[in-house]
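Work through the exercises below with the sequence and the structure open beside you, and try each task before you read its solution.

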Amino acid sequence: MLTTVAAGRVFDFSHVVGRGALSGEGFRMAVSLALGEGDTLYAVNRGWEQVQNVPATRTQLGTRVGKFIIGPMPGDEEFVVDFSKPGANPGELMWPAGIALDSQENVYVTDEWLNRISIFDQDGKFLSYWGTSGSDDGELTGPSGIAIDRQDVLYIVDSRNHRVQKFTKDGKFLSTWGSLGNAPGQFNAPWGISIDHLGNVYVADHKNHRVQKFTPDGQFLMQFGSYGTGKGQLNRPADVAIDPEGDVYVCDWANHRIQVFDPDGKIVTTLIGDAQELSKWARMTLDASPDSMKRRREVHSLELEWRFSFPTAVVFDDHYGRLIVSDTQRNRLQIYNKLKNYQSAARTI
């Protein structure tokens, strides 16, 4: 279903961007996205996990941050630059997880393995890093999601400490909330985080199979989602985004879908992926390999290829009114426009 109409909303599939690539015109397991100015999008690519007895430089070549231009129309996408590389030295990344931009479009990347935040400018030049391993206030164990508010305050999901921590841009600890558990305000391995236009904070509570909403100071407001595969249920949610109308988009990771909720947490609809046309870069790859194109056309159905596979990151682009999903296992983005003033065509018999 390329156009989904539900509860007064219309989500119209636009196009797909990307392909699997170690660098350049593609993605390698993109686990986090951030929008910049001028159609700019940054993606954290995790690459491959290390394989025993194989050098890390071979198995983690895809670990990097990619900068792209994602225009409004299919084919408008452009690769800009890759930056960082695998390693533990300043400016390097081992197991990057989250990405966010400050008001100057400096890029902040969390690292679950190194328990630190690495900072780059918008061109990829390394600026600094901070972070200390541990469980005391201001220390980190497995930082994952990161969000930055309009005052350049950082909200970091301290995943293996089961909490959210707030910092200044230079790493000064401000406050924290959360602990291990399933009661309101508690977490179990939280992952993604986002801030709405009113400053409220949404956290994808990964192993509790829910999303929780808080004030900027960490006061619990509401929760939605429960474990399962049904409508409005979640299985290991990975990320969350909020549009200007307050609708909430959740990467229902292990259910291979995006679930859309209204501002009160009521389910609106589900998106399962609609990539029926190849991306510009994927088409280039197939055009260069006629045999691969033949084999692709011989399969019984391409529908499996259209669908999401473990989507891990989602952002809402306010400028174009569109949802951008990292279809992580398929190394691409799927894009949906949220249409206004949509009129259905007259039906004929």
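**Exercise 1**

How many bridges join β9 to strand β10 (residues 126-130), and do the two run parallel or antiparallel?

*Solution.* Bear in mind from the start that this is a predicted model. Begin with the pair itself: β9 and β10 are joined by four bridges, and the two strands run antiparallel. Next, look for a residue pair that shows this, and you will find that Ser 118 has Tyr 129 in β10 as its bridge partner. Then follow the chain from one strand to the other, where the hairpin has five residues between the strands and Gly 124 takes a positive phi near 95°.

**Exercise 2**

Describe how strand β8 (residues 107-111) pairs with β9, and then decide whether the residues of β9 are buried or exposed.

*Solution.* First, β8 and β9 pair in the antiparallel sense over five bridges, with Thr 110 standing opposite Ile 117 in β9. Second, these two strands form a hairpin with four residues between them, and Asn 115 in the turn has a positive phi of about 55°. Third, turn to β9 (residues 116-120), in which five of the five residues are buried. Arg 116, Ser 118 and Phe 120 point one way from the strand, while Ile 117 and Ile 119 point the other way.

**Exercise 3**

Find out why Ser 279 counts as buried, and state which residues Ser 279 touches beyond four places away in sequence.

*Solution.* Start with the location, which is the loop between β22 and α2 (280-287). Ser 279 has a relative accessible area of 3%, and therefore it is buried, since buried means under 20%. Beyond its sequence neighbours up to four places away, Ser 279 touches Val 16, Val 17 and Gly 18. With Gly 18 the link can be made more precise, for a polar atom of the Ser 279 side chain lies 2.5 Å from the backbone oxygen of Gly 18.

**Exercise 4**

Name the residues with the most contacts inside the largest nonpolar core, and state which element gives the largest share of this core.

*Solution.* The largest nonpolar core has 21 residues, and those with the most contacts inside it are Tyr 249, Ile 258, Leu 271, Val 314, Leu 323 and Tyr 336. Among the elements that give two or more residues to this core are β2 (9-17), β20 (248-252) and β24 (322-327). The largest share, three residues, comes from β2. As a last step, take Tyr 336 and check its contacts beyond four places in sequence, which include Phe 11, Phe 13, Leu 271 and Leu 323.

Technical notes. Residues are numbered from 1 along each chain as its sequence is written. This is a predicted model: local features need pLDDT of at least 70, side-chain atom pairs count only at pLDDT 80 or more; totals for chains, interfaces and linings use all residues. Side-chain values use heavy atoms; hydrogens and water are left out. A nonpolar core is a set of buried Ala, Val, Leu, Ile, Met, Phe, Trp, Tyr and Cys residues joined through side-chain atoms within 4.5 Å. Buried means under 20% relative accessible area, exposed over 50%, partly exposed in between (1.4 Å probe, protein chains only). Contact means heavy atoms within 4.5 Å. A polar contact is a pair of N or O atoms within 3.5 Å; within protein, one must be able to donate a hydrogen and the other to accept it, and residues adjacent in sequence count only if both atoms are side-chain atoms. Two strands pair if DSSP finds at least two bridges between them.
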